[in-house]
Amino acid sequence: MERKKQSMSDFRERLDKTLACDDLVNEESIKKLVLKQFSLSPAKHSAEKSHENDNEYVIERRSKQVKNFLDLERSASGDHHNKPGGWKVKEENDEYRVMYREGPKGTPFHTLLVEGYADAPVEVCICAGWETALYKKWWPQITIPTFRITEAKSLQKIRIGEHISLTRMKVTWPLSAREVIVHYMEIEYFEGDLVIGLLNTVSDIDKVTNETHGFSNEGIPEAKDIVRMDLIGGTVMMKLSRNKTYFRTIATLDLKLDFAPAWLINFIARQLMGSTCELYQKTVASVAKGDPDFEEALKGPLYVRIREGLYSGEHLKNISEIIKGESTLAVSALHEIEEQKIELESTEIEVGALEPVQSGFKGRG
């Protein structure tokens, strides 16, 4: 048990060190990361342009979102917490840690954090959170008290790794149904074995344009007979080995409740974080062992790019080819061979979501 605790501390230290590197702190370096990401896959609305990146306002907006989120991630670095105004540890064990602190200015809800490791590759870990259509497959479906996903779908594909999705859910009486419309954006920093995922709800639909947001409001429905929640958050995922990933996920969620006190919502959220993390860890570990629906999703260009970026070399090209058409058994065998190679070559494990909007959340029943 002691060895696992030491490993968790080591993993956290490695992530903290990567997050503190100049490339992820310097504003100009972050802007270059965003520009590079955009150049890899121009937005669909500007496919006819030779350079989609010429919208300086959108580049600055995205870069600010990435920087602010990375600042938030760094605020949770280290093991010294429980100070006034800072992060407080809710739960900590050999596999994950749950923390919380006061949310963005103007909001009554805590910002929640969960970090730990999963026995799965990075591309599988990001896939579970990025593929909205698969949420029904692994999110909890509870009868008493009622909670289930009623609809989860992509509304707009912006580019590889960036899209807008809708998730609707039925919750227990007397609450009305809820939904959340989220903008997903993925940034890669392969030099540090890192993938960054930013999540932010799309608000003020009427004011959303390609020129100001980098996407339009096309396909985004109005909220009718349903309560639309707000979400600010994201995740960073770091490769530890071919089949092990360390993640740190941070989110602030406004459920839009007038009649429930903020302290009660915060308490329930903190209690749920640990069980949600356990469910996520089990899901991605299961996917890594073979799941038809996830295997199909993992053939997508985003996950191929992540595989090739994190595991460069001729063996990676083989993985890419196999994922695109050959048998899953061959993929699993190749992964096992690669994992054994990594263990033989080194006694140490390899080391290598979004602007915290300052708008006050308003409660709704």
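Start by selecting helix H4, residues 122–130. In this predicted model, H4 is mostly covered, with eight of its nine residues buried. Show side chains for Val122, Glu123, Val124, Cys125, Ile126, Cys127, Ala128 and Trp130, and you have the buried set.

**The core around H4**

Now widen the selection to the largest nonpolar core, which has 43 residues. H4 gives the most to this core, with seven residues. Which residues have the most contacts inside this core? Click on Tyr280 and Val284. From Val284 you can look straight back to the helix you began with: among the residues Val284 touches, leaving out those up to four places away in sequence, are Val124, Cys125 and Ala128. Ala118 and Ala120 are also touched by Val284. As a general reminder, nonpolar side chains in soluble globular proteins tend to be buried together.

Next, colour a second core, separate from that one and made of 31 residues. Good handles for finding this second core include Phe38, Ile196, Leu198 and Val236.

**Along helix H3**

Select residues 56–75 to bring up helix H3. Try a distance between the end C-alpha atoms of H3: they are 28 Å apart, which agrees with the 28 Å that its 20 residues should span at 1.5 Å a residue. At the start of H3, zoom in on Asn55, where a side-chain oxygen reaches to within 3.2 Å of the backbone nitrogen of Tyr57.

Then show the buried residues of H3: Val58, Ile59, Arg62, Ser63, Gln65, Val66, Lys67, Phe69, Leu70, Leu72, Glu73 and Arg74. Residues three or four places apart on an α-helix point the same way, because there are 3.6 residues a turn.

Finish this stop at Ser75, also in H3. Is Ser75 buried, partly exposed or exposed? Its relative accessibility is 29%, so Ser75 counts as partly exposed. A polar atom of the Ser75 side chain lies 2.5 Å from the backbone oxygen of Leu72. Beyond its neighbours within four places in sequence, Ser75 is in contact with His81, Trp87 and Arg101. Add Asp16 to the view as well: Asp16 and Ser75 are 59 residues apart along the chain, and their C-alpha atoms are separated by 9.7 Å.

**The loop before H3**

Step back to Ser41, in the loop between helix H2 (27–40) and H3. Ser41 has a relative accessible area of 8%, so this residue is buried. What does the side chain of Ser41 reach at 3.0 Å? Draw the line and you arrive at the backbone nitrogen of Ile160. Arg159 and Arg305 are also touched by Ser41.

**Two loop residues with positive phi**

Most residues other than glycine have a negative phi. Keep that in mind as you select Asp193, in the loop between strand S6 (178–189) and strand S7 (194–201). Asp193 has a positive phi of about 55°, and at 6% relative accessibility this residue counts as buried.

Follow the chain through S7 to Asp204, in the loop between S7 and helix H6 (210–213). Asp204 also has a positive phi, near 50°. Its relative accessible area is 53%, so Asp204 is exposed.

**Zooming out**

Finally, show the whole protein chain, with its 11 helices and 10 strands. Of its 365 residues, 50% count as buried. Switch on the surface to finish: the chain exposes about 18,000 Å², and carbon and sulfur atoms supply 53% of that area.

Note on methods. Residues are numbered from 1 along each chain as its sequence is written. This is a predicted model: local features need pLDDT of at least 70, side-chain atom pairs count only at pLDDT 80 or more; totals for chains, interfaces and linings use all residues. Side-chain values use heavy atoms; hydrogens and water are left out. A nonpolar core is a set of buried Ala, Val, Leu, Ile, Met, Phe, Trp, Tyr and Cys residues joined through side-chain atoms within 4.5 Å. Buried means under 20% relative accessible area, exposed over 50%, partly exposed in between (1.4 Å probe, protein chains only). Helices (H or I, at least four residues) and strands (E, at least two) are DSSP runs, numbered from the N terminus. Contact means heavy atoms within 4.5 Å. The expected span of a helix is 1.5 Å times one less than its number of residues. A polar contact is a pair of N or O atoms within 3.5 Å; within protein, one must be able to donate a hydrogen and the other to accept it, and residues adjacent in sequence count only if both atoms are side-chain atoms. Accessible areas come from the Shrake-Rupley method with a 1.4 Å probe; for residues, only the protein chains shown count as cover.
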